[in-house]
Amino acid sequence: MPLEIIRNDITQVHVDAIVNAANESLLGGGGVDGAIHRAAGPELLAECRTLGGCKVGAAKITKGYRLPAKYVIHTVGPVWRGGKSNEEQLLADCYRNSLALAREHDLESIAFPLISSGAFGYPKDKALKVAIAEIGDFLLQHELTVYLVVFDRASFTLSEKLFSSITEYIDDNYIDLHPIDDRNRRELVCMQEAAFYEKSMPQASMPAPEAPLKRKRKLADVMKQLEETFSQVLLRLIDEKGMSDAETYKKANIDRKLFSKIRNDIYYKPSKPTVLAFAIALRLNLDETRDLLRKAGFALSRSSKFDIIVQYFIEEGNYNIFEINEALFAFDQSLLGN
Ligand code: AR6
């Protein structure tokens, strides 16, 4: 998955580079900076002494020494002063300049902490937004695996407005299956199956009376589409939308390797998050999303928070996969992508 949000101690992450939320001296400090220096050993400080400090928003690279990561990219976030002192731009620069360094050094993976969101006081939800937007923009242009490391879930908050509107949507749509006894559950499954069959062949079972020629062609189309596999439907949709392969897999938060597997194997069986990721990349509406899921043997379920949250974003017309993953993470769900 090109962008993954994980909960971990960044000093433990096995990647080409971890990013340090440092200060302008680059000579160590508390928070993540202290943890990185402790884990890397005194050689890191010795190399940092040769760098001559670092400006806010800029980034410098050193070796990783005793860390599992090969490199440390040191960047200096802005101190939060209420939001009117160019903080957002400077924080965005931290991500952009760190990612540029990763590219210059041909790195394949990088892990970021939530820069400025500790001692420097940047509100965590705002800091997260900047991180996701900058990393997301970068990933639409370049190949890299990026981990956003969130230290403790308690520190992770979606903006209150988004959080409460998703919660409300879940409350309205979520069916908790547990209180339902077996008989009810069987009935529910039968109802879902009936709805499924009713929806799956509308043109074939209920032809419009007034257009025999058109009806015939439509039926042929339906039959042809029934025979298509997930992989074939996906490639057809990409063509129909006028998108390129790269644009599609990047917007789906899917890496190139997985995409070429799907492209080369017409019988490829994707996971549900992968199918939904493509539905988002292709900006499918809910019905189209259901059709694509069905091709891979899945359906949207009202007893899955994961499904309901994705459905919320589709209904809102928000197809930004990184923002959707931010919400899924906040609600403790698995993320979209491979
Ligand atoms: N792994 C991942 N994230 C961590 C870890 C860790 N081991 N430790 C803390 N965090 P901060 P800043 C999270 O204060 O706000 C230093 O003294 C933490 O929960 O480390 O940019 C420097 O020398 C928070 O969300 O960095 C500077 O003087 C995030 O990392 C100053 O602090 C950033 O918190 C920089 O302040």
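Helices here are DSSP runs of H or I with at least four residues, and they are numbered from the N terminus. The model shown in every view is predicted.

**View 1. The residues around the ligand.** A shell of 22 residues surrounds the ligand, and the closest of them are Gly30, Asp33, Ser117, Gly118 and Ala119. Helix 1 gives the largest share of this shell, namely four residues. Sorted by character, the residues of the shell around the ligand comprise eleven nonpolar, eight polar and three charged ones.

**View 2. Polar contacts and cover of the ligand.** An oxygen atom of the ligand lies 2.8 Å from a backbone N or O atom of Gly30, and for Ala119 the distance between a backbone N or O atom and an oxygen atom of the ligand is 2.7 Å. Lys124 takes part through its side chain, where an N or O atom is 3.4 Å from an oxygen atom of the ligand. On its own the ligand has 700 Å² of accessible area, and the protein covers 89% of that area. Strand 2 (17-22) and helix 1 (31-40) are the elements that give two or more residues to the shell around the ligand.

**View 3. The open sheet of six strands.** Read across the sheet, the strands follow the order 1-6-5-2-4-3, and their pairing is mixed. Strand 1 (3-7) and strand 3 (59-63) stand at the edges, and because each has a single partner strand, one side of each is left without a neighbour in the sheet. On average, and with direction ignored, neighbouring strands of this sheet are turned by 25° against each other.

**View 4. The pairing of strand 3 with strand 4.** Strands of a sheet pair through backbone hydrogen bonds, and the pairing can be either parallel or antiparallel. Here strand 3 and strand 4 (residues 71-76) pair in the antiparallel sense, over five bridges. To follow this pairing at the level of single residues, the reader can look for Ala59, which stands opposite Thr75 in strand 4.

**View 5. Asp265 in its loop.** Asp265 lies in the loop that runs between helix 11 (256-264) and helix 12 (272-281). Asp265 counts as partly exposed because its relative accessibility is 32%, a value between the limits of 20% for buried and 50% for exposed. Although Asp265 and Phe230 are 35 residues apart in sequence, their C-alpha atoms are 9.9 Å apart in space.

Definitions and conventions
Residues are numbered from 1 along each chain as its sequence is written. This is a predicted model: local features need pLDDT of at least 70, side-chain atom pairs count only at pLDDT 80 or more; totals for chains, interfaces and linings use all residues. Side-chain values use heavy atoms; hydrogens and water are left out. Buried means under 20% relative accessible area, exposed over 50%, partly exposed in between (1.4 Å probe, protein chains only). A residue is near a molecule or strand if one of its heavy atoms lies within 4 Å of it. A polar contact is a pair of N or O atoms within 3.5 Å; within protein, one must be able to donate a hydrogen and the other to accept it, and residues adjacent in sequence count only if both atoms are side-chain atoms. Accessible areas come from the Shrake-Rupley method with a 1.4 Å probe; for residues, only the protein chains shown count as cover. Ala, Val, Leu, Ile, Met, Phe, Trp, Tyr, Cys and Pro count as nonpolar, Asp, Glu, Lys and Arg as charged, and the others, Gly among them, as polar. Two strands pair if DSSP finds at least two bridges between them. Axes are lines fitted to C-alpha atoms, for helices over the stretch in contact, and angles run from 0 to 180 degrees between N-to-C directions.
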